[in-house]
Amino acid sequence: MTRSLNGRTAVVTGAGSGIGRAIALRLAEDTAKIAVWDINGEGAAETVRLIEAAGGTAIAITADCSDKAAIHAAAEETRAKLGPIAILVNNAGIAPFTPFMDIDDDLFDKVIHINLRGPYLLTKEVLPDMLAAGWGRVINITSSSVQSGSFAQGHYVSSKGGLMGMTKALALEFAPSGVTFNMVPPGFIDTPMLRAAPIDADAFAQTLPMKRIGKPEDIAAACAYLASEEASYITGQT
Ligand code: NAP
């Protein structure tokens, strides 16, 4: 089902690939104007091409979503071209596999910078637009590993656990404002990130009740609902 997002402006980070691209395409189908932010400019441009081919509106911005100055510049460009930002999907992330004793301090900091500090900076940058409008949606892409743990991912699971905590804290703080904060924690979704992981995804799929790994569109559908008008009484939820 397509829900109308009334031409609102949505920023989707890491939307040049995988889950982010599917979210961008789905929100565009639901009539949002999409700012596709990604560190990979070619991937972002390809997502915009796909959205426009389907009749939607989108712009590509090459940005490191952990860099404060780059985030501010990307937000200003988005506002100038598409208007105030109403929907933010913090999806960009990295997911290395490293045995705990081999994680050096720089790698730990890098994972936290991109997966946790990035969403913190992005939220601070765009929240004023939402508060001024009395309407906003922040959707954070966390991970099922926060509940289950994940082998050799002490850095990654720490970052996603932090993002889950931030989502809940901000949901409480901003509940009266009309801005909701929710999260979607993917399990095993078929993307370049999963295919690069030291995991036999197809063998793992056979252990799942549905006998298949998820598709990026499965996550996009949940995000579309949380971004919609119908989800206005849902905040702080997974
Ligand atoms: P993906 O295919 O690797 O896509 C992620 C995109 O984000 C890539 O285009 C990547 O660019 C970009 N990116 C990385 N660092 C960035 C940065 N600093 N600034 C801007 N863009 C950046 O991964 P995915 O599987 O779609 O994952 C999307 C999100 O879902 C991530 O947060 C991930 O942790 C989460 N997740 C995925 C799964 C899964 O099974 N796939 C499971 C749980 C959670 P480069 O390719 O150039 O790095």
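**Exercise 1.** In this predicted model, determine which element gives the most to the lining of the largest cavity, and describe that lining by class.

*Solution.*
Step 1. List the lining: Thr13, Cys65, Asn90, Asn91, Ala92, Ile114, Gly118, Pro119 and Leu122 surround the largest cavity.
Step 2. Assign the residues to elements: α4 gives the most, with four residues.
Step 3. Sort the lining by class: five residues are nonpolar, four are polar and none is charged.
Step 4. State the volume: the largest cavity holds about 40 Å³.

**Exercise 2.** Describe the second largest cavity by its volume and its lining.

*Solution.*
Step 1. The structure has two cavities of 30 Å³ or more, and the second largest has a volume of about 30 Å³.
Step 2. Its lining consists of Thr142, Ser143, Val146, Gln147, Met164, Met183, Pro185 and Thr238.
Step 3. By class, this lining has four nonpolar residues, four polar residues and no charged ones.

**Exercise 3.** Establish the strand order of the sheet and explain why β3 and β6 stand at the edges.

*Solution.*
Step 1. The open sheet has six strands with parallel pairing, in the order β3-β2-β1-β4-β5-β6.
Step 2. Strands β3 (58–62) and β6 (179–184) each have a single partner strand, so one side of each is left without a neighbour in the sheet.
Step 3. From one strand to the next, the twist averages 15 degrees.

**Exercise 4.** Examine the pairing of β2 with β3 and identify the sheet strands that helix α2 touches.

*Solution.*
Step 1. Strand β2 (residues 33–38) pairs with β3 in the parallel sense over five bridges.
Step 2. Within this pairing, Ala35 stands opposite Ile59 in β3.
Step 3. Helix α2 (residues 41–53) packs on the sheet and touches β2 and β3, and its direction makes about 180 degrees with that of β3.

Terms used
Residues numbered from 1 in each chain as written. Predicted model: local features only at pLDDT ≥ 70, side-chain atom pairs only at ≥ 80, totals over all residues. Heavy atoms only, no water. Pairing = 2+ DSSP bridges. Helix = DSSP H or I, 4+ residues; strand = E, 2+ residues; numbered from the N terminus. Axes fitted to C-alpha atoms, helices over the stretch in contact; angles between N-to-C directions. Contact = heavy atoms within 4.5 Å. 1 Å grid on protein atoms, 1.4 Å probe; cavity = no way out; pocket = protein on both sides within 12 Å on 5 of 7 lines; lining within 4 Å. Points joined across faces, edges and corners; volume = space filled by probe spheres on them. Nonpolar A, V, L, I, M, F, W, Y, C, P; charged D, E, K, R; others polar.
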